[in-house]
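Q: Hi! I have a protein model open and I'd like to go through a few spots in it. Could you help me read it?

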Amino acid sequence: MTATVSFTIDSPLGTRPATVSYERKGAGEPLLLLHGIGHHLQAWHPVADVLAAEYDVIAVDLPGFGASPALPAGVPYDLDTVVPALGALCAALGVERPHVAGNSLGGLLGLDLGRRGLARSVTALSPAGFWSEPERRYAFTALRAMRAGAAALPLPALERLSRSGAGRAALTGTIYARPARRAPEAVVAETLALRGATGFEQTLAAGGSVRFLHDVPGLPVTIAWGTRDRLLLRRQGVRAKQTLPGARLVRLPGCGHVPMNDDPALVARVILDTARTADRATTPLAA
């Protein structure tokens, strides 16, 4: 069940209120799940139950996406604002240094949480920020085209398209390698989420100059890239590995940019392997 939590964030305009929608299930060490730009927390539904068998899973709608309201007027959507805001969110939920798994924008946010000492482990699935400038322009153009298409479709036409595999491919083939596997109602919901994302343009504007150039030492980090990612091409994973030499680089065969639906079992295993590595490192040996 979706709930909301309110907290305050520090911004260039001073302290401001924020509210975030989230779903929480399971028990154990906390595991924070962060979606990509234009998506919503339901992107994690294919893997959430498997993860919740071992962890306290918290999937959030980022500010300005899904059911979460936009940040207050004038507050930027850059890393220096959003990442500390996620730290404040965790504090409001009684969580300290969760494991983090993020996709695309969420992967970039997760890596920066790790860099700032706010995460216990990080699994980044096709994280943003390792692009060349032409690759960034290509990705942003594709994202804007998807959003324009979502805005242009009347709801009856959207629902009709979602009922066929070809229609689901037309709607979501940019982000899924196997769009026909996505349930029709999920495709409708995420297309509406993309259409209504109040933080979309501000996030793209903030991302225009982003290149992740920092190592994230001292914690387990996995970079995972789908071999059929059509949005952030998989060669960006090599750059990520060069930037993060201590990270594990994993291929996700047959997966697209949002791999949780393309191969839920594989994605869940990659996330669990990373989190378990951190847990083993902090578990005292039996006497």
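Q: Let's start with Thr81. Which helix is Thr81 found in?
A: Happy to help! Keep in mind that this is a predicted model. Thr81 sits in helix H2.

Q: And is Thr81 buried or exposed?
A: Thr81 is buried, because its relative accessibility is 3% and the cut-off for buried is under 20%.

Q: What does Thr81 touch?
A: Leaving out residues up to four places away in sequence, Thr81 touches Ile9, Asp10, Pro12, Val75 and Pro76. There is also a polar contact of 2.9 Å between the side chains of Thr81 and Asp78.

Q: Cool. New topic: where is His35?
A: His35 is in the loop between strand E3 (30-34) and helix H1 (45-52).

Q: Buried or exposed, that His35?
A: Buried: the relative accessible area of His35 is 0%.

Q: What does the side chain of His35 reach?
A: It reaches the backbone nitrogen of Leu62, at 3.0 Å. Leu62 also appears among the residues that His35 touches, which include Trp44, Phe65 and Asn103.

Q: Let's switch to backbone angles. What is the sign of phi in most residues other than glycine?
A: Most residues other than glycine have a negative phi.

Q: Then what about phi of Arg97?
A: Arg97 is not a glycine, yet it has a positive phi of about 50°. You'll find Arg97 in the loop between helix H2 (79-92) and strand E5 (99-103). Arg97 counts as partly exposed, because its relative accessibility is 40%.

Q: And what is phi of Ser126?
A: Phi of Ser126 is positive too, near 45°, and this residue is not a glycine either. Ser126 lies in the loop between strand E6 (121-125) and helix H4 (133-152). With a relative accessible area of 1%, Ser126 is buried.

Q: Last topic, helices H6 and H7. At what angle do their axes cross?
A: The axes of H6 (residues 165-172) and H7 (residues 184-196) cross at roughly 25° and come within 11 Å. Angles under 35 degrees count as roughly parallel, so H6 is roughly parallel to H7.

Q: Is the crossing left-handed or right-handed?
A: H6 passes H7 in a left-handed crossing.

Q: Which residues make the contact?
A: On the H6 side they are Arg168, Leu171 and Thr172, and on the H7 side Pro184, Val187 and Glu190.

Q: How many of the contact residues are nonpolar, polar or charged?
A: Three are nonpolar, one is polar and two are charged.

Notes. Residues are numbered from 1 along each chain as its sequence is written. This is a predicted model: local features need pLDDT of at least 70, side-chain atom pairs count only at pLDDT 80 or more; totals for chains, interfaces and linings use all residues. Side-chain values use heavy atoms; hydrogens and water are left out. Axes are lines fitted to C-alpha atoms, for helices over the stretch in contact, and angles run from 0 to 180 degrees between N-to-C directions. Helices (H or I, at least four residues) and strands (E, at least two) are DSSP runs, numbered from the N terminus. Angles under 35 degrees count as roughly parallel, over 145 as roughly antiparallel, 65 to 115 as roughly perpendicular and the rest as oblique. A crossing is left-handed if the near helix is turned anticlockwise from the far one by less than a right angle, and right-handed if clockwise. Contact means heavy atoms within 4.5 Å. Ala, Val, Leu, Ile, Met, Phe, Trp, Tyr, Cys and Pro count as nonpolar, Asp, Glu, Lys and Arg as charged, and the others, Gly among them, as polar. Buried means under 20% relative accessible area, exposed over 50%, partly exposed in between (1.4 Å probe, protein chains only). A polar contact is a pair of N or O atoms within 3.5 Å; within protein, one must be able to donate a hydrogen and the other to accept it, and residues adjacent in sequence count only if both atoms are side-chain atoms.
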